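Trainee: Could you take me through a single part of this model in detail, and then place that part within the chain as a whole?

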Amino acid sequence: MKRIWPALLAAAVLLQVPAAGAATVAVPAVSAAPASRQLQALGDAYYEAMARFDPVAATQAGDNRYDDQLGMTIAPGARARQFARYRQFSARLRAIPRARLARADRLSYDTLAFELATLQAQQAFPDHLLPIEHMASMPVLLANFAGGDSSQPIASVRQYEAYLSRLSQLPGWIAQAIANMHAGMKSGVVQPKALMVSLLPQLKSLAVATPEASVYYLPINALPASFPDADKRRLTAAYRATLARHTLPALARLASFIENDYLPACRDSAGYGALPNGAAWYRFQVARHTTTSMLPEQIHELGLQEVARIQRQFAELGPKLGYAGEASGLPVWVAQQPQFYPFKTDADVQAVFTALNAQLDGKLPALFSVLPKARLDLQLEPELSRATASNHYSPPSGDGKRPGVFWSVVNDAGKYNSTGMTTLFLHEGKPGHHFHLARMVELPLPDFRKFGGNNAYTEGWALYAESLGKEMGLFDDPAQYFGHLNAELLRAVRLVVDTGLHAKGWSREQAIAYMRDTLGFGARAASETERYMAWPGQALSYKIGQLKIAELRQRAADRLGAKFSLPAFHEVILGDGTLPLSLLEAKVDQWISEQQ
């Protein structure tokens, strides 16, 4: 999973875009200068408004210009002003003559139209009343930044001051979050109890008694020897004072509020369907994350079909692993086999990923005509968030100084199943997120596209990338091929569970039971279910996007025959960066037409 700027997730259902056939219309080789300049100016203004409104999201996306700002996206007034800006940007976009734009600019025009339509539709749903959950709350995000090896660098005096500035602003954010939750309690817009139960230990671990015991104090413990002594003394005193007087007391108030006031008022239900206007809210989330007009009911049925298809493949694979039972029981059987748990330490796990990374360096050039310039680093997820985190990728910085990073989550090396490691690395590392998102930094794209995106393309590409392991011979080992199929089964199960929770009234326990029975999950069934409860619709994007890319590849291969080139196809998919699925399909159809 790549952490993506949530405000830039587009939804096809909200806007009529050119159909696939429209891509064949003659397009100017070079944009008419006034129209191109207008679009560039508008795109720059839009991105700047987004980055200033949500500077932490900008940091996560690789834009470090506002690392000293926290932003107040959850404040009702700031939120209303931002929606007004979106309407103004839409009016300016409509005034630009699209027909005078060159192909690349048209892609940016259509992508911007997608995003603005989505953002305006979001105003109908009071997401600011749900400001905190266990997956990515603001206090935990800042704690994850504290080591300086994540999205926010903390190495220079100025960077130390920037992080301190954010810590000083956290109490204001917490006060607004508590006010929002009070409002949500009155209107019935509250989180499920289970999510707050998972969040509370995180908050209590942050609300320590002294600055020196705080994770936010880590930068001071790692002060570079090269800093002048005066700066060391000044920064140490400032961090201690800010934490002791402001940040830590605010965290204690938040933890107390969650435990004593909010948690008792939270709901027993699991899905958005239980919220006011919840059915429409969830349909919006589905459209937002998949960039399609598919309905929850359609996706639920598709998920059941995909689960059945993959289980048929299990029936063929099981005997190769020594399993003779029902296909649906294969994941449970594999999960019980000691030979698939060979590790004793975190380093043992990381060594396998390191070797796989080197192996792929020799195989991927045959499948890709262009490789990213940024290197890929492998890191363990920080201990603070490890218990609730999923494996994920963070992109390189725009200046090229920070590499892309694959963050692996190892809570207990002795219980780490080895069968899924190859497919996991293909997804989160390369050629999955790294080949997409590291390339994004290099492409001549406007900033709103370079630092934005949508989940259907991003996660769909990464899931498609997993399938390339078979072509590279990485799944010749039946255990690793099982891991690949089981990972694909997880994405199919997500279609069932996400829609089950939010559209069909499933309980948390019902979802957990389905995941245990279908995937053989133990404790992970609960953490995965709670992820879908916290991020409705996000998990749908993987399979929906992957199915579309696979469909486009098959279409191109069928129509082009001997002219089909897999490296060329991959460059068509990746070469213009992230696109909504309908625009990606139009682009591929145009390429097919040009090759025939």
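Mentor: What follows is a close look at strand β3 and its partners, and after that a view of the whole chain and of one loop residue.

Please keep in mind throughout that this is a predicted model. Strand β3 covers residues 404-408, and 5 of its 5 residues are buried, so the strand is largely enclosed by the rest of the structure. The cover is found on both faces: on one side Gly 404, Phe 406 and Ser 408 are buried, and on the other side Val 405 and Trp 407 are buried as well.

The pairing of β3 can be followed strand by strand. Strand β1, made of residues 376-380, runs parallel to β3 and is joined to it by 5 bridges. Within the β3 pairings, Leu 378 stands opposite Phe 406, and Phe 406 belongs to the buried set on the side that also holds Gly 404 and Ser 408. Strand β2, made of residues 392-394, runs antiparallel to β3, and 3 bridges join the two. Here His 392 has Trp 407 of β3 as its bridge partner, and Trp 407 lies with Val 405 on the other buried side.

These strands sit in a chain that has 24 helices and 3 strands. The radius of gyration of the chain is 24 Å, close to the 25 Å that the globule rule gives for 596 residues, so the chain is as compact as a globular protein of that length. Along the principal axes, the C-alpha trace spans about 70 × 65 × 55 Å. Buried residues make up 58% of the 596 residues, and, among contacts with a separation of 6 or more, 80% are between residues 24 or more positions apart.

Turning to the surface and the charges, the accessible surface of the chain comes to about 22800 Å², and carbon and sulfur atoms hold 53% of that area. The chain carries 59 positive and 53 negative side chains, with the centres of the two sets lying 5 Å apart.

Burial can also be examined in a loop, and His 128 offers a case, since this residue is found between α4 (103-122) and α5 (138-145). With a relative accessibility of 13%, His 128 counts as buried, because the cut-off for that class is under 20%. Leaving aside residues up to four places away in sequence, His 128 touches Ile 74, Pro 76, Arg 79 and Asn 180.

Terms used:
Residues are numbered from 1 along each chain as its sequence is written. Side-chain values use heavy atoms; hydrogens and water are left out. Helices (H or I, at least four residues) and strands (E, at least two) are DSSP runs, numbered from the N terminus. The radius of gyration is taken over C-alpha atoms; the globule rule is 2.2 Å times the number of residues to the power 0.38. Buried means under 20% relative accessible area, exposed over 50%, partly exposed in between (1.4 Å probe, protein chains only). Contact means heavy atoms within 4.5 Å. Accessible areas come from the Shrake-Rupley method with a 1.4 Å probe; for residues, only the protein chains shown count as cover. Lys and Arg count as positive and Asp and Glu as negative; His and the chain ends are not counted. The place of a charge is taken as NZ of Lys, CZ of Arg, CG of Asp or CD of Glu. Two strands pair if DSSP finds at least two bridges between them.
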